[in-house]
Protein chains: 2
Amino acid sequence: MAKKFIISNHIRKLRFFANEMTQQELAEKAGASRQTIIAIEAGKYSPSLELAFRIADVFGVPIGEVFECEVREE
Amino acid sequence: MAKKFIISNHIRKLRFFANEMTQQELAEKAGASRQTIIAIEAGKYSPSLELAFRIADVFGVPIGEVFECEVREE
DNA sequence: ACAGATAGTAAAAAATACTTGACATTTTGA
DNA sequence: TCAAAATGTCAAGTATTTTTTACTATCTGT
């Protein structure tokens with residue numbers, strides 16, 4: 001009955017669609033460090049809602065197009 | 001040139017639309033403490049992306065319908 | 001082969017989110 | 001009017017996110 005929330009993201013794809021934007025560039029535009037972008041892109045942890053919005057803003061897409069959440073019942 | 005991200009939410013409205021769900025109930029269903037719900041609802045801080053998804057899931061709406069982000073240039 | 005740009009890892013410290021518990025206020029209904 | 005339920009505040013502690021620094025690996029072009 002416990003739900004598990006698996007959050008995934010499309011940052012890598014979005015970076016390449018956005019003229020092959022580098023992690024460094026995304027980090028600067030989103031106001032985060034490069035390490036943070038790497039960790040989030042790699043799914044090491046999920047960012048704060050604010051950072052999630054900042055990243056979505058860089059790409060000019062709604063937040064739901066950057067981050068997705070699969071809910072698994074167990 | 002720095003951007004400010006003002007995150008707001010519609011939790012209060014959504015709770016009342018959802019059969020007047022109490023903060024306590026929402027906290028339990030979202031797997032958070034009541035204090036956390038109070039603080040988020042009051043805009044004290046923005047939650048983690050995971051908790052944001054959990055809250056949206058309780059109401060059965062996409063995350064963008066619970067949280068909104070106004071970008072202000074300055 | 002070398003230099004520079006990009007991507008990746010790791011660890012410690014700082015910042016922020018979250019929990020727990022205790023108590024105050026307001027609202028609602030018996 | 002009284003009690004219970006819902007909301008809210010405060011503070012201390014835990015957990016997680018984020019930054020900083022430093023080092024390694026891979027790829028590209030000269």
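A residue is said to be near a molecule or strand if one of its heavy atoms lies within 4 Å of it. The structure shown here is a predicted model, in which local features need pLDDT of at least 70 and side-chain atom pairs count only at pLDDT 80 or more, while totals for chains, interfaces and linings use all residues. Residues are numbered from 1 along each chain as its sequence is written, chains are lettered from A and ligands numbered from 1 in the order in which they are written, and side-chain values use heavy atoms, with hydrogens and water left out.

We begin with DNA strand D. Around this strand stand 18 residues, of which Ser33(A), Thr36(A), Ser48(A), Gln23(B) and Arg34(B) come nearest. Of the atoms of DNA strand D that come within 4 Å of the protein, 55% belong to sugar and phosphate. Several polar contacts may be described here; a polar contact is a pair of N or O atoms within 3.5 Å, and within protein one atom must be able to donate a hydrogen and the other to accept it, while residues adjacent in sequence count only if both atoms are side-chain atoms. The side chain of Thr36(A) places an N or O atom 2.3 Å from a phosphate oxygen of DNA strand D. Ser33(A) uses a backbone N or O atom, which lies 2.9 Å from a phosphate oxygen of the strand, and a backbone N or O atom of Ser48(A) also lies 2.9 Å from a phosphate oxygen.

Thr36(A) deserves a second look. This residue lies in helix H3 of chain A; helices (H or I, at least four residues) and strands (E, at least two) are DSSP runs, numbered from the N terminus. Thr36(A) is buried, with a relative accessible area of 19%. Buried means under 20% relative accessible area, exposed means over 50%, and partly exposed lies in between (1.4 Å probe, protein chains only). Thr36(A) is in contact (heavy atoms within 4.5 Å) with Tyr45(A) and Leu51(A), not counting residues up to four places away in sequence.

Which helices supply the surface near DNA strand D? H3 of chain A, together with helix H1 (11–17) and H3 of chain B, each supply at least two residues. The largest share, three residues, comes from H3(B). By class, this surface has five nonpolar, nine polar and four charged residues. In this classification Ala, Val, Leu, Ile, Met, Phe, Trp, Tyr, Cys and Pro count as nonpolar, Asp, Glu, Lys and Arg as charged, and the others, Gly among them, as polar.

We turn next to DNA strand C. This strand is surrounded by 18 residues, and the closest are Gln23(A), Arg34(A), Gln35(A), Gln35(B) and Thr36(B). The largest share of the surface near DNA strand C, three residues, comes from H3(A). An N or O atom in the side chain of Arg15(A) is 3.1 Å from a phosphate oxygen of DNA strand C. From chain B, a polar backbone atom of Ser33(B) is 2.8 Å from a phosphate oxygen of this strand.

Chain B also offers a helix with many buried residues. Nine of the eleven residues of helix H4 (residues 49–59) of chain B are buried, so this helix is largely enclosed by the rest of the structure. Among the buried residues are Leu49(B), Phe53(B) and Arg54(B). H4(B) is followed by Gly60(B), whose phi is positive, near 70°.
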